[in-house]
Amino acid sequence: MTTEQLKNGYEDEDFRQVIAEIEEADEEAESIMATARGKVSAIRTRQKNRVKIAKQELRIPSDVLRAVLKQRKLEQKLKDLASTVPDDLIEVFEDASGQFSMFAPSGDDAPAETSAQAAARQRREEVQAVTDREQEEGAAALEDIVGAVH
């Protein structure tokens with residue numbers, strides 16, 4: 001093979017410039033990540049201190065506090081999940097989330113719906129409120145048009 005056959009088709013200096021720019025971006029990203037890790041560490045320390053204060057001064061058991069915090073995170077995830085379901089399928093999701101839930105309500109004192117169903121119901125109500133508002137605006141616009149014609 002000759003040198004001509006091995007020639008790549010791009011200038012070495014252009015290639016070096018691209019590599020340098022990418023490496024600079026990596027360094028910048030790492031610097032930002034290091035700063036963020038430091039800030040997150042400070043936040044976590046504040047959280048731990050708050051848990052200690054809650055336990056010592058308010059006599060809230062740490063295990064209970066942590067369990068409630070985890071539950072709230074899960075409930076937020078369920079709410080976020082419900083928000084990803086298309087508007088026209090939210091009622092189907094609401095039914096299915098109750099029917100196929102591992103923690104379906106049971107017993108006389110059980111809530112009428114699972115957490116997933118509650119999130120889906122809330123989303124359905126939000127969608128319905130938007131639909132109702134749009135229909136009212138449309139009806140008002142039609143009345144204005146009809147009033148202008150007559």
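**Exercise 1.** Which helix gives the largest share of the positive patch, and how many residues come from it?

*Solution.* The model is a predicted one.
Step 1. The members of the positive patch on the surface are Arg44, Lys55, Arg66, Lys70, Lys73 and Lys77.
Step 2. Two elements, H2 and helix H3 (62-84), each give two or more residues to this patch.
Step 3. The largest share is that of H3, with four residues.
Step 4. Lys70 lies in helix H3, and its relative accessibility of 59% places it in the exposed class, for which the value must be over 50%.

**Exercise 2.** Determine which residues gather in the patch of negative charge, and classify Glu23 by its accessibility.

*Solution.* Step 1. The negative patch on the surface consists of Glu21, Glu23, Glu24, Asp26, Glu27 and Glu28.
Step 2. Glu23 belongs to helix H2, which covers residues 12-56.
Step 3. The relative accessible area of Glu23 is 47%, so Glu23 is partly exposed.

**Exercise 3.** State how many salt bridges are counted, and describe those formed by Glu13, Arg121 and Arg124.

*Solution.* Step 1. A general principle comes first: side chains of opposite charge can pair when their charged atoms come close.
Step 2. The cut-off for a salt bridge is a nitrogen-to-oxygen distance within 4 Å, and the count comes to five salt bridges.
Step 3. One of them joins Glu13 to Arg16, with 3.5 Å between the closest N and O atoms. Both residues are in helix H2, three residues apart, which is about one turn of the helix.
Step 4. Another joins Arg121 to Glu125, at 3.4 Å from N to O. These two residues are four residues apart in helix H5, so about one helical turn separates them. Arg121 is partly exposed at 26%, and Glu125 is likewise partly exposed, at 40%.
Step 5. Arg124 and Glu94 form a salt bridge with an N to O distance of 2.6 Å. Because Arg124 lies in helix H5 and Glu94 in helix H4 (residues 90-99), this pair ties together parts that are 30 residues apart in sequence. Arg124 is partly exposed, at 26% relative accessibility, whereas Glu94 is buried, at 12%.

**Exercise 4.** Is Gln117 buried or exposed, and which residues does Gln117 contact beyond its neighbours within four places in sequence?

*Solution.* Step 1. Gln117 is in helix H5, residues 115-149.
Step 2. Its relative accessibility is 15%; the limit for a buried residue is under 20%, so Gln117 counts as buried.
Step 3. With those sequence neighbours left aside, Gln117 is in contact with Glu94, Ser97, Gly98 and Ala112.

Methods:
Residues numbered from 1 in each chain as written. Predicted model: local features only at pLDDT ≥ 70, side-chain atom pairs only at ≥ 80, totals over all residues. Heavy atoms only, no water. Patch = residues over 30% accessible without salt bridge, like charges linked within 9 Å, V, L, I, M, F, W, Y side chains within 5 Å. Areas by Shrake-Rupley, 256 points an atom, 1.4 Å probe, with all protein chains shown as cover. Salt bridge = Lys/Arg side-chain N within 4 Å of Asp/Glu carboxyl O. Lys, Arg positive; Asp, Glu negative; His and termini not counted. Charge placed at Lys NZ, Arg CZ, Asp CG, Glu CD. Buried < 20%, exposed > 50% of the residue type's maximum accessible area, 1.4 Å probe, protein only. Contact = heavy atoms within 4.5 Å.
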